[in-house]
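Open the model in your viewer and show side chains as sticks. The stops below concern charged side chains and their partners.

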Amino acid sequence: MIGVPVAVVALGGGYALASGGGSELRAAMGTDPGGDGRAKPTRARPAVAGPRDGSRQLASYTTEFKPGEARVKNIRIGAKAIDGHVVPAGGAFSFNKVVGPRGARQGYVPAPTIVGSRLVDDLGGGICQVSATLWNAVFEAGLKIKEAHPHTLWMEEYPQGREAAVAWPSLDFVWRNDSGKPIRVQARVTGNALTVSLWGTPKYQVKTTSSKRYALTRAGTFTDAGRRCVPMPGGPGFQVDVYRTLSLSGRKVRRDRFHTVYQPEPKVTCTGR
């Protein structure tokens with residue numbers, strides 16, 4: 001079931017149409033925590049001067065992946081689509097409008113994608129790593145998040161409660177540039193990492209905190225003889241709250257709450273291979 005925002009930035013429920021979830025699941029995606037491909041999110045970096053236009057780096061966020069996985073091609077295409085995009089003061093950035101369809105015609109390939117509570121190969125799998133990395137840069141920059149939907153299952157690639165699932169054409173990630181000055185998006189893909197940076201004029205000082213997991217739930221166990229089955233080790237569902245406090249010249253402006261409900265991950269045994 002698709003989650004519905006409780007408020008502009010207080011999100012409940014989730015939507016599962018992206019890669020991730022569980023150790024075997026992450027291994028299938030090249031993000032096994034025991035291997036070199038483990039995704040390692042980083043905190044936003046301090047603002048630095050821009051190279052030519054006098055802008056400053058508002059925030060920068062990096063996630064990693066394992067080179068050679070099919071989803072890396074999709075990540076590269078998505079990153080290229082957002083790189084260099086300029087959001088004017090007061091303007092909005094819609095991920096779906098900027099990136100567009102994610103089909104074979106656009107060069108996307110099948111890669112692990114969550115549908116419901118299961119993982120299957122689908123065109124554009126992994127594109128949510130681009131939207132989630134961008135979400136974290138936007139979050140750390142203190143910009144207004146107008147629409148965002150968490151994944152149904154928590155993925156270790158991103159901090160709990162801090163990510164955004166997208167699906168063409170209905171599920172979008174939209175943020176607004178309320179900094180008062182234009183913002184430029186920069187996306188860079190290296191051998192094993194995606195970095196999204198935002199350049200502009202800083203407005204707020206940003207402080208973030210997160211709750212511990214609570215309201216844990218567990219899913220069942222079942223077998224699947226289907227050809228597209230991917231084994232899943234199972235994991236608990238839970239809820240988490242993320243808070244962001246924005247200050248201007250030392251004075252608190254507002255405090256945003258992001259509430260996320262992650263569904264439990266079923267344990268799946270594949271018998272058709």
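Begin with Arg254, which counts as partly exposed at 21% relative accessibility; the cut-off for buried is under 20%. The model is a predicted one. Salt bridges with shared partners link Arg254, Arg244 and Asp256 into one network, so select these three together.

Within that network, display the contact between Arg254 and Asp256: a salt bridge whose closest N and O atoms are 3.0 Å apart. Asp256 is buried, at 5% relative accessible area.

Next, select Arg162 and Glu140. Their side chains form a salt bridge, 2.8 Å from N to O. Arg162 sits in the loop between strand S6 (144-147) and strand S7 (174-176), while Glu140 belongs to helix H4 (residues 128-141); the pair therefore ties together parts 22 residues apart in sequence. Switch on the surface and check both ends: Arg162 is buried, with a relative accessible area of 4%, and Glu140 is buried too, with 10%.

Then move to Asp83 and Arg188. Here the closest N and O atoms of the salt bridge are 2.9 Å apart. Asp83 is in the loop between helix H2 (71-82) and strand S2 (86-87), and Arg188 is in strand S8 (residues 183-189), so this pair connects parts that are 105 residues apart in sequence. Are these two residues buried or partly exposed? Asp83 counts as partly exposed at 32% relative accessibility, and Arg188 likewise counts as partly exposed, at 42%.

To finish, display every salt bridge in the model: the count comes to five.

How values were computed
Residues are numbered from 1 along each chain as its sequence is written. This is a predicted model: local features need pLDDT of at least 70, side-chain atom pairs count only at pLDDT 80 or more; totals for chains, interfaces and linings use all residues. Side-chain values use heavy atoms; hydrogens and water are left out. A salt bridge is a side-chain nitrogen of Lys or Arg within 4 Å of a carboxyl oxygen of Asp or Glu. Helices (H or I, at least four residues) and strands (E, at least two) are DSSP runs, numbered from the N terminus. Buried means under 20% relative accessible area, exposed over 50%, partly exposed in between (1.4 Å probe, protein chains only).
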